[in-house]
Amino acid sequence: MNKEYTEQIPPQMPKFKYCRESRVFKTGRVFPNDVNNHTTLFGGKLMSGIDEVASISAMRHCRTNVVTASTDSVDFLLPIRPTDSVCFESFVSWTGRTSIEVFVKVISENLYTGTRVVAATAFLTFVAVTEDGTPAPVPAIVAETEEEKLISQSADQRSELRKVRRTLSKQLASQLNTSKYWE
């Protein structure tokens with residue numbers, strides 16, 4: 001653990017926390033109004049659930065307000081159908097000085113057979129903020145289980161990719177037209 005980094009954390013905040021302390025589980029049903037024209041779970045509905053559990057994990061980790069900085073990736077691996085339940089599982093997988101990366105695993109379970117599969121995975125990044133909206137330092141993260149270690153070991157690479165992607169996004173945004181389409 002970086003000593004310089006941990007010295008910036010306020011004294012009342014722990015220097016590190018375990019992934020398990022931020023773990024969130026949420027299970028729900030897939031109803032007819034949740035599906036698209038393919039009779040599978042609408043992607044936007046899934047993304048909303050992902051952001052919800054991820055934000056809870058981030059706040060559990062830092063115990064302050066957080067803002068979603070980016071949805072780094074959402075990979076839809078298998079369709080989720082009305083015969084399935086959908087279980088969201090999230091935990092903090094990496095931290096920077098004020099940034100928090102959260103991993104979300106989505107498991108669908110066929111309610112008739114009990115077959116469970118990983119239907120989607122996602123990484124989101126949040127920034128901890130104080131009441132006045134300035135970035136706040138966060139504790140470091142410690143992975144314990146094999147799954148947590150697997151996810152955490154590639155976190156530095158994802159962090160670097162986020163920085164590159166954000167720079168490119170800012171460059172693109174600076175060149176985009178903001179005029180009203182009817183003018």
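Which residue forms a salt bridge with Glu 144, and how far apart are the closest N and O atoms? I started with this pair, keeping in mind that the model is predicted.

**Entry 1: Glu 144 and its partner**

I found that Glu 144 pairs with Arg 20, with the closest N and O atoms 2.6 Å apart. The two residues belong to distant parts of the chain, being 124 residues apart. I placed Glu 144 in the loop between β7 and α3 (146-152), and Arg 20 in the loop between β1 (16-18) and β2. Glu 144 is partly exposed, because its relative accessibility is 33%. Arg 20 is also listed as partly exposed, with a relative accessible area of 46%.

**Entry 2: Arg 23 and a network**

Next I looked up Arg 23, which forms a salt bridge with Glu 89, the closest N and O atoms being 2.4 Å apart. I noted that this pair too links distant parts of the chain, 66 residues apart. Arg 23 sits in the loop between β1 and β2, and Glu 89 in strand β4 (residues 84-95). Arg 23 counts as buried because its relative accessibility is 16%, and the cut-off for buried is under 20%. Glu 89 is at 10%, so Glu 89 counts as buried.

Arg 23 has a salt bridge with Glu 148 as well, where the closest N and O atoms are 2.6 Å apart. Glu 148 lies in helix α3, 125 residues from Arg 23 along the chain. With a relative accessible area of 1%, Glu 148 is buried. I then followed the shared partners: Arg 23, Glu 89, Lys 105, Glu 147 and Glu 148 are joined by salt bridges into one network. I counted 13 salt bridges in total.

**Entry 3: The chain as a whole**

I stepped back to the overall layout. The chain has 4 helices and 7 strands. Read from the N terminus, the order of elements is α-β-β-α-β-β-β-β-β-α-α. The C-alpha atoms fill a box of roughly 55 × 50 × 30 Å along the principal axes. Of the 183 residues, 40% count as buried. I noted an exposed area of about 10,900 Å² for the chain, with carbon and sulfur atoms supplying 55% of it. Of the contacts between residues at least 6 apart in sequence, 75% join residues at least 24 apart.

**Entry 4: Confidence**

Which element has the lowest mean pLDDT, and which the highest? Helix α1 (residues 3-6) is lowest, at 46, and strand β5 (residues 99-110) is highest, at 98. Over residues 1-7 the pLDDT is below 50, and this stretch has 11 contacts in the model beyond near neighbours in sequence. For the whole chain I noted a mean pLDDT of 92, with 94% of residues reaching 70 or more.

**Entry 5: Helix α2 and two positive phi values**

I checked helix α2 (residues 43-62) for length. Its 20 residues reach 29 Å from the first C-alpha to the last, close to the 28 Å expected. The buried residues of α2 include Leu 46, Ile 50, Val 53, Ser 57 and Cys 62.

Arg 63 follows α2 and has a positive phi, near 55°. I placed Arg 63 in the loop between α2 and β3 (65-76). Arg 63 is exposed, with a relative accessible area of 63%. Thr 39 has a positive phi of about 60° although it is not a glycine. Thr 39 lies in the loop between β2 (24-29) and α2, and counts as partly exposed at 44% relative accessibility. I kept these two in the notebook because most residues other than glycine have a negative phi.

**Entry 6: A surface patch and a strand residue**

Which residues form a nonpolar patch on the surface? I found Leu 77, Leu 78, Val 117 and Val 118, with about 300 Å² of accessible area together. Val 118 belongs to strand β6 (residues 116-129), and is partly exposed at 35% relative accessibility.

Last, I looked up Thr 71 in strand β3. Leaving out residues up to four places away in sequence, Thr 71 touches Phe 123 and Leu 124. Thr 71 is partly exposed, at 41% relative accessibility.

Technical notes:
Residues numbered from 1 in each chain as written. Predicted model: local features only at pLDDT ≥ 70, side-chain atom pairs only at ≥ 80, totals over all residues. Heavy atoms only, no water. Patch = residues over 30% accessible without salt bridge, like charges linked within 9 Å, V, L, I, M, F, W, Y side chains within 5 Å. Areas by Shrake-Rupley, 256 points an atom, 1.4 Å probe, with all protein chains shown as cover. Salt bridge = Lys/Arg side-chain N within 4 Å of Asp/Glu carboxyl O. Buried < 20%, exposed > 50% of the residue type's maximum accessible area, 1.4 Å probe, protein only. Expected span 1.5 Å × (residues − 1). pLDDT = per-residue confidence, 0-100. Contact = heavy atoms within 4.5 Å.
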